[in-house]
Each structure stands twice: as structure tokens, then as C-alpha cells.
Amino acid sequence: MMAQYLALKEQAADCLLFYRMGDFFELFFDDAKIAAQVLDIALTSRGEHGGAPIPMCGVPVHSAEGYLARLIKAGCRVAIAEQVETPEEARKRGGSKALVARDIVRFVTAGTLTEEALLEPRRANVLAAVCDVRGVIGLAACDISTGRMELEECSPDQMGAALARLGASEVVASDSWELAPVDCVARPNRSFSSDEGETRLKALHGVSTLDGFGQFTRAMLAAAGGLITYLDHVGRGALPLLLPPVAREAGTHMAMDEATRASLEILVSSTGTRRGSLVEAIDRCVTGAGARLLAEDLSAPLTDARAINRRLELVSWLHDDPLLRGDIRGVLRALPDVGRALGRVVAGRGSPRDLGQLRDGLSEARRLHDMLRARRDLPEPMVALLPTLSGHGALTDLYARALVPAPPTERSQGGYIAEGYDAGLDELRRVSGNARRAIAALEAKYRDETGIAALKIRHNGVLGYFIEVPAKHGDRLMHPDSGFTHRQTMAGAVRFNALALHEEASRIAESGGHALAAEEAHFEDLVGHAVRAKEAIAATAGAIARIDVAAGQAERAAEGNWALPRVVDEPCLQITGGRHPVVEAALAAKGERFVANDCALGQQDRLWLVGGPNMGGKSTFLRQNALIVLLAQAGGFVPAQAATVGLVDRLFSRVGAADNLARGRSTFMVEMVETAAILSQATDRSFVILDEVGRGTSTYDGLALAWAVAEAVHSINQCRCLFATHYHELARLAETCDALSLHHVRAREWKGDLVLLHELAEGPADKSYGLAVARLAGVPAPVIKRAKSVLEKLEKGRAATGGLAAGLDDLPLFAAAIEAAEEKVDALRERLNGLDIDALSPREALDMLYQLKAQANG
């Protein structure tokens, strides 16, 4: 047995091997140690290997899913080794001592889950493959629980943002790629072939060309090849549901890097959970599919005004009709997860319950279709969705006839095919039922004949049906002429067989076995019907999700008195009474009111410099405007009285940072990396929020960096920007930057206490109130007093010297400084380009180096 285990473990490689032994999955050696620790189960030993006991642990087969979920969550990958023949087949093959053959039937990994118990209902489970094809990054992503597959390409510097948007549970990349993402699953480089990807996609969807699905580049196809090859590997030749691929075009969605997503807490909060995130504050969907689609919308807001307005039109229509919205949400609330049920069925992991979910879900979709079709005021987006909600009448009728009203999750015991669907199956069940009644009659007969009232007919998996009497009555049935045959003696009972019982048991076994075989054949036929209609069923599931998202967005808007945004194709941002959805919800839970603020950015006033004390609301103001832009372009209402949003191509947020110890980066280093990304990537159509740039270093360094960054954003990037700072000296930028205006969050000191008003006002901040904030935070009074005396001395010194910003008036504008530096570098370059290095003697070369150094030093 151990030789068989070790051979399978070699195939499993770095996966934990679940080795099937009877009713348990056993783990050995290091696998057992890891699993025992993660699952908190007993670690035992079995036999010896190499002179040492073999560590061992196990989990019951019937509850394996729960243990698998914990292992996958802990970052493990698992290989499932099942028995692939029966003990009888093993004995026929190799004699009485032959070992039952086992093989790995499936690999269970984070990105390849389909089981309902292993998936989060409201979160997509994405598997991604990424590769480099001649300097272009190809990405393929799919959620195999629903079959959705997308292909895209991007430049190397955008790979991180693309992967952050996908939020993949598992990423696959070439084992020879030096720049592969961290923690990816390494696969052979030959898997990432564009020819292989194209061939596999054609074969998978039965087409001779992919043109009908879209235009796919070589990088996209190479990534698709890697993805499908990996799915083929983990499924051991059985591919899951994969719908025709969709090409994601560059520039159709708002770009956000990983730092921005983390800063804005779009899908997860700073705690790493959904609680406190934007999606939690927004989500009013009543189906898991709708919640997953909403998360996708928020992760990838649109940049096409027409597409955005189509979504807004549907949300607005449902917002304006609360009675209809309530009826629609009532129907949706009762719907099963059609998309994931289909995914399990097509992947070969479906159950009768999944077929029942398809029946019920598609029937309810038709009901929704009929309810909406009767309306005369349907908006165009709903008209487009209506046809996909129907067209499954033949399939639902078949399933209604074939399946019992509540099919079971297991099909091994049968009982899920409805009576009347198959006359032959009904007859087998009748025979089996009659035989069971005959056994009950036999039990009564044997009691009368023997006079043993405690006699019972029992059944188990080893002996089948048998007669059992208490041990004290056993001798009465041992006589050769008693008609009973001794089978087994127990501590307190004796077991027997009888000819009549054997005959009835044979009838039960035969009819029961035939009934199970008949049900299994019907199940496979019913699955085949679903597989043939998979694309139409998936389209229905997608339409249900889109309607749920629209109804949920409308419900959230009505609940919070949110406004329908106006999306325009010009660089502006006009928000009246804007609020932060997450903070407002948190304050409402405590019975407190959120203070709304306006924001007005335009071509002539595109950079706001916002000052004021800590805790005054600067960061909240910055984030709420970024979130309003995101929500508008995702196609939903926004938390404001009114909003006009000019389309944003890239959204950047540098608000707050933390040490990244894993990468050896300090807070200041993280801040500078993120700021560098903004300055190099932001365009005049981008929206940037910057908070306290330069705070992680010395005062002079910080002020210099903040000054230069503000100038660059204003004069080079020319994007819309909210820039929060404590450096009062930056207010002098308003004198040279014509599109910059000064604002501050209001605060007042009243009887020695600081009152934070959380209101935004025009003009520079008059002071920082740092000591007052420290007092609010509970810093001891002696420390506050000492800090006040130090501050007074520093301020006197600043007044005497002209302050930190003394002399900055003499600096040229940012662009002029750049030009001056470039002119010096160009002069050196021209002189170097004119040198004939091969003609220089060593002495001449040394002299030339001295001259160049002197020129460089000015």
C-alpha cells in the first residue's frame, strides 16, 4: 500500500494527498503534519518507513468538504486519490490479496472550486493565467463556478493593476518567467503557447475560427492556453464550464492600481474583510450572482459614457417605481444560484439538487419575464435583457416531469426521479417495496414460529439481511432442522440466515440495483440537456444578476436619498452635498449625522489644496469624492444632492500608507513609490487624491517634495486633483499656479477645547491645531504644555528667518526648472557624442573626464 501511496504522492507534487481508504481520506508523512496542524486534528502513526513511524491523520469522506475548505483557506492545495475499482474487481485482477487500484481524480485549488460549500455566495472565485509575449502581458481569467472567461493584454507596468482588478484567488504563470507575480502557481512554459491556446479554444467551443467571439491577440491566446492547460491538469482531463471568451478592450474601464484599491477599500476594508468596505455599504442585492456582479462593476468602472448611461437608465427606472422594484426583488429573492448550479453540472460535479435549482431558477426567470413584458414603459436596457429570461420551456417542463419537487444533494441512494416519469423504474420500485413488506411479514412469522419476541431482521453492508436474536435464545435456532443457518455470534446476540429471507433479500438487491442504475441513466440524460443549453442558461443567469444589481442600486439610492449623476465627456467634477457612503453608514448606526461638502473642479480650477487639522475630515473629503466618481462610472446613484462627473480614465489615491515589511519598504518608501506611479501615469483625464505627501521625512525634505509634487500635478499632469496637506507654506503656490485654489476644513477652539466642524471652506487654513488634537487624543497635560513652549520658540525663529518657505519666491516655475536641468544634461550629451573614444590616448581620456566632471559641476 505504501508503495502505491508514494507513487501517487510523486504525482501530487506540492499538493497534500487525500488518500482514500474505506470511509476516510488518509494523509501521511509531512502532509499529515501540515493537515493536523491546520485542521486541529489528532496526528497518529502507522507502521514504519525507513525505520521510523509514519505520521498519519485522516478525515471522514462524508465531511471532507469542510476540511477541504479550511485547507484551501490556509493556502494549501489538495490532490484527491480515489479508489478506481471495487474490491471484487481487484480480486479478479490480482487474487485475494490484490490492492484496490487508486488514482488522483482531481486537484482542489483555490481558483478551481465549484462546490457550494467551498465558495462564498457573494464573491466571485477567479482563476487567472498571465504570461509575457514579446514584451506584452497576456491575461486570461475565468470563474469556473459560472464559466465566465475574459482575455486581455496590457503593458508590463500595468500588470499589477490588472491583477488587482481581477482579485484572483489563484494565478498561474510560466515557470521560466523571472517577472512572474509573487505566489503564482508555476506551470511549464510550453503551456503558454498562442497556437495551443487558439487550438484549445476552437476545440472547446466547436468552431473553426474565433472571429465570432472577438479579436484576440497572440498574448491573449497564449494566456488562454496556459489557463485551459492548467484546468485540464487539475481536472485530470475533465474541463469545467467555460463559456466563449470575451475580449476586454484596453481603455474601456477605469484604471486603478493596487494601492488605490486598498486605499479606497472597495471590496475589502483595511481589516482584510468585507465589513467596512465600499461594497458592503452599497450592496443591496438579494442574490449571490447579483452581489458578485456588483463587486465586478465596482472593481472595473466604465469609461464609455453611453454604456454608463445605459446602466443608469435601468437603475433610475427602478428607483422611480418602488412598487415594481419591490415585486422584482421579491421574485429574485426566491431564485437559486442558476449560474453556479450550471457550473457544477457541466463540470461533472452536479447533483440532483443542482438540476432542481436549474428547473426552479429558469421557471422563476420566465415568471419575471412575463411580469416585465406586461409593462409599457420598459427602458431600452430592460428590453434588451427580456429575451434572455425565457426560452427554456422545454427544459423546465422536462425537469418538472423527471425530478421530485425537492431533489437530494446525493444521487447514490436514488429517489430523485419522480414517479410516473419512467414506468419501468416505477415497477422496480414496486417490486422492491413489496419485498421490503415481505421481509416485515417474515419477521412476524419467525417470531410466532420460534416464540422469540425479541427476534429482529436487520441489515448491514457486510452481511446484508440477517436474523438476530439475543444470545440466550441462540441455542434454540442452532438445531440442524430449525430452518436457520448460523452466520455470526456477537457478545450479546447471535445472527442467522434463512432460505425465505435470502430469496427476498435477493429480490430487493436485484430490483434496487436496477432502480439505481435506471435513475443514474436518467440523471446523465438530464445533465446532457443542460450541457447542450449551457450558453443560453448562462445568459439567463447573467440577465438575472444585472437586474438584481440595478434593483439593488435603486434600493440603496432610495434608502440613502442618493442622486442620479450626470456623466459628461469633459474634465470636470461638480458635486453638491457629497457624502462618504461608508462613513455616513457608520455614523448613522451611532445616531450621528454626516456633514456633507461640495466639490467643484474644472479646467480653470482643477487642483484644490486642502488644509486643516487632523481629524478635521480632510481624508474623508478626498475619499468621498473619489468614491462618488467610482460609483457614477460603475453605473449607480451617488451619495450627494447632485453630481456632474467628467469621465475619468485613471483614478489614483495616495491616502494613508503602512510599512510593507515583506518587501522591505518603510511607510515613506511606500508613499514615494505610489506618488511616483501617479506622476508617471496620470493624464489630463485622470482624477488624483493626495494626502500629506512628504510627511514621512524631515520637515524641509517633506515640504520640498510636497511643493514639487503639487507643481508637477498642476503643470505636467494637468489632472483633476485634491491635495491635502499640513504645510501652510504650500499656499504660496496659488500665486504661480493659476488652476490651483486654496481650501480648508473648518475648526474652532472654544474655551480651550477644539471643535471640529468637518466643513470645507475656501481659503488657506489659519493654523494646524496640532496641540489641540493631541489634547483630544489624551496626551498628558504636562507634555502638551511643554510642546506649547517649544512651538512658541520655533515660531519666533521662523518669523525671524522668513519661515520654512523663505526664498521660494526666487524659484523658477516647475517647468522652467526642468528645462534648465535638461539643457545642462544636453550640453554634456552633445560633447560626449562628439568624442572619438577610439582615437583618445589614455592621458587624453583622463583629461577629458576631468573636464566633463568640471562642466557637470557647473
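## Report on a predicted model: aromatic contacts, a helix pair and backbone features

Tyr 416 has a relative accessibility of 0%, and therefore counts as buried. The model described here is predicted. Phe 523 also counts as buried, because its relative accessibility is 4%, and the cut-off for that class is under 20% relative accessible area.

The structure holds eight aromatic pairs. In one of them, Tyr 416 and Phe 523 meet edge-to-face, with 6.0 Å from centre to centre and 75° between the planes. This pair joins distant parts of the chain, its two members being 107 residues apart. Tyr 416 belongs to the loop between helix H16 (393–402) and helix H17 (423–450), whereas Phe 523 belongs to helix H18 (residues 499–532).

Other aromatic residues are found towards the start of the numbering. One aromatic cluster is formed by Tyr 5, Tyr 19, Phe 28 and Phe 29. A charge also meets a ring: the charged end of Arg 20 sits over the ring of Phe 25, at 5.8 Å from the ring centre.

Phe 29, a member of the cluster with Tyr 5, Tyr 19 and Phe 28, also has a backbone feature to note. Most residues other than glycine have a negative phi. Phe 29 has a positive phi, near 55°, and is not a glycine. Its place is in helix H2 (residues 29–39). Asn 561 likewise has a positive phi, near 55°, but Asn 561 lies in a loop, between helix H19 (534–560) and strand E17 (566–568).

How exposed or buried are the residues named so far, and Gly 95? The table lists the values for Tyr 416, Phe 523, Phe 29, Asn 561 and Gly 95.

| Residue | Relative accessibility | Class |
|---|---|---|
| Tyr 416 | 0% | buried |
| Phe 523 | 4% | buried |
| Phe 29 | 22% | partly exposed |
| Gly 95 | 28% | partly exposed |
| Asn 561 | 62% | exposed |

Phe 29, at 22%, is partly exposed because the buried class ends at under 20% and the exposed class starts over 50%. Asn 561 counts as exposed, because its relative accessible area is 62%.

Gly 95 is in the loop between helix H4 (87–94) and strand E6 (102–108). From Gly 95 to Leu 651 the distance is 70 Å, C-alpha to C-alpha, and the two are 556 residues apart in sequence.

The next topic is a pair of helices. Two packed helices are described by the angle between their axes and the distance between the axes. For helix H13 (residues 338–346) and helix H14 (residues 352–373), the axes come within 9 Å and cross at roughly 145°. The crossing of H13 with H14 is left-handed. On the H13 side, Val 338, Ala 341, Leu 342, Arg 344 and Val 345 make the contact. On the H14 side, the contact residues are Asp 354, Leu 355, Gln 357, Leu 358, Gly 361 and Leu 362. Seven of the residues in this contact are nonpolar, two are polar and two are charged.

These details sit within a chain of 858 residues, of which 48% count as buried. The chain has 27 helices and 26 strands. Its C-alpha trace spans about 125 × 80 × 70 Å along the principal axes. Of the contacts in the chain with a separation of 6 or more, 67% are between residues 24 or more positions apart.

Definitions and conventions. Residues numbered from 1 in each chain as written. Predicted model: local features only at pLDDT ≥ 70, side-chain atom pairs only at ≥ 80, totals over all residues. Heavy atoms only, no water. Axes fitted to C-alpha atoms, helices over the stretch in contact; angles between N-to-C directions. Helix = DSSP H or I, 4+ residues; strand = E, 2+ residues; numbered from the N terminus. Left-handed = near helix turned anticlockwise from the far one by under 90°. Contact = heavy atoms within 4.5 Å. Nonpolar A, V, L, I, M, F, W, Y, C, P; charged D, E, K, R; others polar. Phe/Tyr/Trp six-rings, centres within 6.5 Å; stacked < 30°, edge-to-face > 60°. Buried < 20%, exposed > 50% of the residue type's maximum accessible area, 1.4 Å probe, protein only. Lys NZ or Arg CZ within 6 Å of the ring centre and 35° of its normal.
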